[in-house]
Amino acid sequence: MLKREYKKTGDMISVLGLGCMRFPKIEGSEKIDREEAQKIVDLAYERGVNYFDTAYRYHEGDSELFIGEALKKYPRESFHLATKMPMWMVKEPADAPRIFEDQLSRCQVEYFDFYLCHAMNAANFEIMKKNGVYEYLKKEKEAGRIRHLGFSFHDSPDVLRQIVAYGEWDFTQIQLNYLDWELQDAKGQYEILTENGIPVVVMEPVRGGALASLCEESDAIFKAARPDKSVASWAVRYVASLPNVMTVLSGMSTVQQVEDNTATMMDFEPLTDEDRKVVEAALEAYRKNKTIPCTGCRYCMDCPFGVDIPGVFKAYNTFAIGGGKDRLRANIAALGEGHGPDMCKACGKCMTLCPQKIRIPDRMKEIAALLEDK
């Protein structure tokens with residue numbers, strides 16, 4: 001397994017990390033299928049993954065409970081556990097200590113190797129400052145219950161600069177992939193962090209699975225260049241080739257995904273100039289399909305009017321890459337009555353929460369019109 005040294009400390013971190021927000025679920029709930037998820041954790045660990053990333057609200061709170069139990073059989077010093085303070089849940093200064101203690105208990109550990117202020121943007125930055133969250137977490141770091149303190153980020157480069165300047169950060173987690181390198185200026189964010197000597201943890205390298213199979217034309221371009229490699233492996237290699245990337249998180253939900261991603265990192269091949277030309281050609285073909293850049297993160301949910309926003313966008317994207325209108329209607333119908341795009345009242349609440357800055361009400365109107373068009 002490819003590993004990189006963390007800040008000349010001798011601490012070797014696996015460049016592939018297991019993101020714990022997309023474990024297989026028991027049908028009809030957010031509860032984790034523990035038997036199948038344990039297989040994923042065990043195989044990842046066996047193949048050298050030593051960075052596990054969870055959060056307080058992943059799987060509606062079930063993720064921390066599961067990963068604490070799943071890793072319990074392994075020596076504590078053999079893995080690095082990361083979790084996050086849900087900034088939107090901190091209503092007063094006392095909330096941060098309460099949540100942190102709860103997390104230690106849930107995860108069955110005495111310290112976190114990497115701890116993050118979750119989903120930092122302009123609004124959550126103000127919450128952090130107002131309630132003294134950074135100052136509290138800094139004390140926990142001094143006490144040894146946090147080894148490295150950082151934040152995950154969803155906003156503009158200008159806001160990133162403000163947060164970076166506010167404190168002494170050990171690492172930062174950003175959304176980075178070859179689609180967002182320009183689309184969401186991940187390049188600008190990466191450069192700001194690199195200039196400030198802050199290692200990068202990558203989330204959404206495969207954009208919620210969207211880059212595991214882009215469209216028929218794009219997939220054909222990748223396969224023509226490397227018939228022996230999966231389409232997803234190109235996305236993982238793209239971000240892992242960046243020198244300031246410490247860890248690439250993948251929310252692996254099947255054993256097969258673990259096998260594919262670990263194979264990529266166990267025999268790692270950095271992208272060459274020719275490889276980058278292949279990526280750009282595939283990306284251009286993908287752009288022409290006019291998909292909606294939704295990662296399925298569900299930060300926009302729950303919609304007050306019942307719209308299943310990620311579900312609608314997933315159905316539309318399947319249509320956009322050649323699924324056909326009948327399939328679109330079937331996929332929308334499968335979401336259940338009252339969860340389609342026609343329920344959108346354009347209140348705009350979802351837009352303030354969307355990390356991708358998607359104009360959700362406008363897209364819902366377009367999709368509703370498309371469904372009405374016979």
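**Salt bridges and the packing of helix α6**

Me: How exposed is R22, and what is its relative accessible area?
Reply: R22 belongs to the loop between β3 (16-19) and α1 (34-46). The model is a predicted one, and in it R22 counts as partly exposed because its relative accessible area lies between the 20% and 50% cut-offs. The value for R22 is 23%.

Me: Which residue forms a salt bridge with R22?
Reply: The closest N and O atoms of the pair are 3.5 Å apart. The pair links distant parts of the chain, with the two positions 182 residues apart, and the partner of R22 lies in the loop between β9 (200-203) and α9 (216-225). That partner is E204.

Me: Is E204 buried or exposed?
Reply: The relative accessibility of E204 is 11%. Buried means under 20% relative accessible area, so E204 counts as buried.

Me: What separates R98 and D95 along helix α3?
Reply: R98 forms a salt bridge with D95, and their closest N and O atoms are 3.3 Å apart. R98 is partly exposed at 47% relative accessible area, whereas D95 is buried at 10%. Because the two are 3 residues apart in α3 (residues 95-107), their separation is about one helical turn.

Me: Which residue meets E366 in a salt bridge?
Reply: The N to O distance in this pair is 2.9 Å. E366 is partly exposed, with a relative accessible area of 43%. Its partner is 3 residues away in helix α16 (residues 360-372), so about one helical turn separates the two. An α-helix has 3.6 residues a turn, so residues three or four places apart point the same way. The residue that meets E366 is R363.

Me: How many salt bridges does the structure hold?
Reply: Some residues are joined in a network of salt bridges, namely E64, D102 and R106. For the structure, the number of salt bridges is 24.

Me: What arc do the buried residues of α6 cover around the axis?
Reply: The buried residues of α6 (residues 157-166) are V159, L160, I163 and V164. They lie on the same side of α6, because the arc they cover around the axis is only 140°.

Me: Which exposed residues does the face of α6 turned away from its buried side carry?
Reply: The buried residues of α6 pack against β6 (112-120), α4 (122-130), β7 (146-153) and α8 (186-195). On the face turned away from that buried side, the exposed residues are D158 and A165.

Conventions
Residues are numbered from 1 along each chain as its sequence is written. This is a predicted model: local features need pLDDT of at least 70, side-chain atom pairs count only at pLDDT 80 or more; totals for chains, interfaces and linings use all residues. Side-chain values use heavy atoms; hydrogens and water are left out. Buried means under 20% relative accessible area, exposed over 50%, partly exposed in between (1.4 Å probe, protein chains only). Helices (H or I, at least four residues) and strands (E, at least two) are DSSP runs, numbered from the N terminus. The arc is that of the directions from the helix axis to the C-beta atoms. Contact means heavy atoms within 4.5 Å. A salt bridge is a side-chain nitrogen of Lys or Arg within 4 Å of a carboxyl oxygen of Asp or Glu.
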